[in-house]
Amino acid sequence: QPKRLNLPILSPLHTNKFYSNAILGDYGNNPLLTHPYVISMSKDSPHGVSISLTEEWSYGPQIDSTRVKYFINRIVKNIQMSALEFLSQQFEVNNVDEPGFACTIKMFQLNSSASITLPLVRGMAYVTFEFVSATPRISTIHYILSVNGRTSGHITGKRFEIVLNNNQTWLLYSLGSEITLEFSGNQLLGTEPVTNVLRLAKKQTESSANAVLDAQVGVYPIACQLQAHVTESQGSYMFKWRLKGNLSRTLLHFTFPHHRQIISLVDGQITNVQAMSASKGLMIGYLGNIWTLTESSLSTMHFLAPRSPAIQYRDLIVAQLKKDLEVRVDLTVSDYYFTGKEFHKYALLCLLAEYYREIAEFNRCMRTLKDGFEVLITRKNANALRYDTTWFGLVSSAGLGQNQELNDFGNSYYNDHHYHWGYFIQAGAIIAHLDPNYVPKIRDWVEGLIRDASNPSPLDTSFPQFRYFDWFSGHSWSQGLFESADGKDQESTSEEINFHYGIALWGLATKSSNIEGLGRLMLGTAKRSTQTYFLMNNDNTAMPKEFIANKVTGIFFENKAEYTTWFGTNPEYIHGIQMIPCTPITEEIRLAKFVEEEWMTILSKIVHNAVPEWKSLLYMNYAIINRHEAFAQLTNVPLDNGVSRTWAL
């Protein structure tokens with residue numbers, strides 16, 4: 001059950017957004033990463049909120065002379081905001097926006113009219129506090145050296161420069177009338193309760209950047225609304241920020257590196273206000289109340305790659321196809337991950353049987369695949385999907401018992417749905433492509449998976465809007481209802497890509513241009529962020545230079561990245577989980593330049609001693625740059641359980 005949640009109306013709840021920590025656990029005091037600020041609710045005195053923006057990272061340990069195993073953003077209580085009236089930790093989340101960009105937290109004291117409300121928004125350039133009848137209390141774990149040049153007494157004004165002994169200066173603004181603060185030990189205390197809006201920002205090194213902060217402080221964001229348009233191979237998505245304060249001013253808001261590659265400079269302008277994010281490189285302030293981001297070359301990939309296999313391999317592939325289809329397939333639904341891989345693997349064999357005009361094998365393959373779907377849509381499997389009326393979603397029933405949260409990889413607690421569902425959606429799309437008459441039978445089930453993980457409509461009252469996809473970050477987060485000291489995380493970018501590709505193929509097969517456009521736009525957005533943050537070319541400028549030589553991030557958290565996986569530290573696992581499954585879309589994500597660098601620096605040195613079945617993934621990836629050597633290896637290497645030899649070849 002969510003905790004500390006008091007929304008004005010009952011509506012679908014997000015499970016995989018940045019603010020989950022606030023509504024999970026006993027205290028809700030694990031960090032909330034808005035980027036660049038890290039917000040933590042304080043369960044100890046002073047009861048309120050702490051703000052971290054260290055722009056410092058810890059690294060370790062060295063793998064070799066070129067790279068480290070992890071980097072982690074340092075979180076400290078640079079500055080804390082509370083009220084003298086707060087005697088204990090009391091807060092609630094009382095508003096959220098539909099796409100999961102924002103939440104509003106209200107801090108209060110029982111039997112008191114005093115409250116402070118914080119609108120927390122991804123990319124916010126200031127931290128905003130709406131005070132009601134509360135007396136400001138400002139503190140820090142550092143030492144306050146001066147305020148507006150003063151070291152003691154009372155200071156009255158609407159702008160305060162708070163100089164700390166860690167080489168940071170913080171700017172405090174009052175948007176209403178002047179306030180008076182007094183030094184009290186290493187704290188600044190208000191002299192009376194105020195009803196006012198106060199805003200904090202870390203001071204910039206450039207005076208012209210501070211002038212921008214001063215000029216734009218009067219308007220602040222509280223939420224965001226999404227809008228998108230797709231026409232053929234071009235797609236645009238818009239962030240329409242909901243604002244409060246002085247609406248004659250233009251919103252100053254931070255961009256990530258991938259935003260700046262495609263953001264419109266007609267609707268707004270880049271400034272010289274800068275800050276380092278926790279894990280995605282340099283953020284730069286942008287002036288604009290509406291952001292328009294345009295992907296000008298969306299993928300047009302269909303079910304099969306645009307080039308046929310080399311003619312000399314045809315007979316070998318067809319012989320292998322017949323052999324693979326003679327093997328008895330087991331589509332028993334034991335879980336949703338490995339079973340999904342089996343459905344997908346078998347559906348690809350049906351696709352190839354049709355392509356090579358092997359009619360008898362094709363008909364037998366389709367019957368088997370449809371029988372498998374029949375079990376799913378009639379809920380005859382032991383872990384049949386259930387609709388969760390608490391968080392508004394479809395979950396495996398395998399983890400609903402006591403202490404079973406991690407069954408099915410945590411699917412019942414909203415871990416990894418986009419990974420799991422992607423395999424089934426793509427298998428369903430292949431059936432729809434090969435036999436359109438079967439679509440009415442499976443449409444509701446397949447589109448239920450799409451709605452659960454990536455419902456595009458705020459008017460759909462059964463599911464939240466884009467549960468997994470974080471449009472601000474440009475990719476999904478796989479972690480569900482689990483507290484985390486480093487925020488949400490994602491491991492397998494390739495399985496996220498597979499999900500978006502599956503949606504596009506389902507839309508293509510069912511002649512739904514809206515669904516196809518949705519899949520292709522998310523695919524284009526995730527491709528950009530994957531190539532900016534997760535798959536690191538040697539010339540990558542977003543990620544820490546100490547980490548880039550790993551080539552892939554491993555597990556990417558909001559606050560750190562670690563070159564590992566959840567299931568082991570072998571290099572073939574760390575790299576292979578970013579390749580699985582290999583499909584026609586793989587080469588659009590894993591470009592030849594990157595594949596060459598990754599192969600030469602790491603994979604060529606470990607492939608011969610890799611765990612045998614992982615070699616199939618490494619060589620399928622290698623085919624992007626050396627198809628003939630890869631083909632020779634794939635004729636006999638052991639296979640990943642989600643890959644048939646026919647498909648690999």
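This report describes the annotated domains, one sheet, the nonpolar core and selected helices of a predicted model.

**Annotated domains**

UniProt, in an unreviewed entry, places the feature "domain: Glycosyl hydrolase family 81 N-terminal" at residues 11–304. The feature "domain: Glycosyl hydrolase family 81 C-terminal" is placed by UniProt, again from an unreviewed entry, at residues 316–649. The table sets out the computed content of both stretches.

| Residues | Helix | Strand | Distance between end C-alpha atoms |
|---|---|---|---|
| 11–304 | 5% | 51% | 40 Å |
| 316–649 | 50% | 6% | 9 Å |

**The eight-stranded sheet**

An open sheet is built from eight strands with antiparallel pairing, in the order E7-E8-E9-E10-E18-E15-E14-E12. Its edges are strand E7 (91–96) and strand E12 (144–147), each of which pairs on one side only. On average, and ignoring direction, neighbouring strands of this sheet are turned by 20° against each other.

At the E12 edge, three bridges connect E12 to strand E14 (residues 159–164), and the two run antiparallel. Here Ser146 is found opposite Val163 of E14. Helix H1 (residues 207–216) lies across E14, strand E15 (169–174) and strand E18 (194–202). The angle between H1 and E15 is about 20°.

**The nonpolar core**

The largest nonpolar core comprises 196 residues. Those with the most contacts inside this core are Ile105, Phe129, Phe239, Phe373, Trp471 and Trp506. Helix H6 (residues 417–434) supplies the largest share, namely ten residues.

Beyond residues up to four places away in sequence, Ile105 touches a set of residues that includes Ala22, Leu32, Met41, Ile116 and Leu118. Also among its contacts are Phe91, Glu92 and Val93, and edge strand E7 spans 91–96.

**Helices H9 and H10**

Helix H9 (residues 513–534) contains 22 residues. From its first C-alpha to its last, H9 reaches 30 Å, close to the 32 Å expected at 1.5 Å a residue. Of the 22 residues in H9, 17 are buried, and the helix is thus mostly covered.

Gly576 belongs to helix H10 (residues 571–576). Gly576 counts as buried because its relative accessible area is 0%, whereas the cut-off for buried is under 20%. Apart from neighbours within four places in sequence, Gly576 is in contact with Pro571, Trp614 and Leu617. Leu349 is separated from Gly576 by 227 residues in sequence and by 22 Å in space, C-alpha to C-alpha.

Technical notes: Residues numbered from 1 in each chain as written. Predicted model: local features only at pLDDT ≥ 70, side-chain atom pairs only at ≥ 80, totals over all residues. Heavy atoms only, no water. UniProt positions renumbered as here; feature names shortened; annotations may be inferred. Helix = DSSP H or I, 4+ residues; strand = E, 2+ residues; numbered from the N terminus. Expected span 1.5 Å × (residues − 1). Buried < 20%, exposed > 50% of the residue type's maximum accessible area, 1.4 Å probe, protein only. Pairing = 2+ DSSP bridges. Axes fitted to C-alpha atoms, helices over the stretch in contact; angles between N-to-C directions. Contact = heavy atoms within 4.5 Å. Core = buried A, V, L, I, M, F, W, Y, C linked by side-chain atoms within 4.5 Å.
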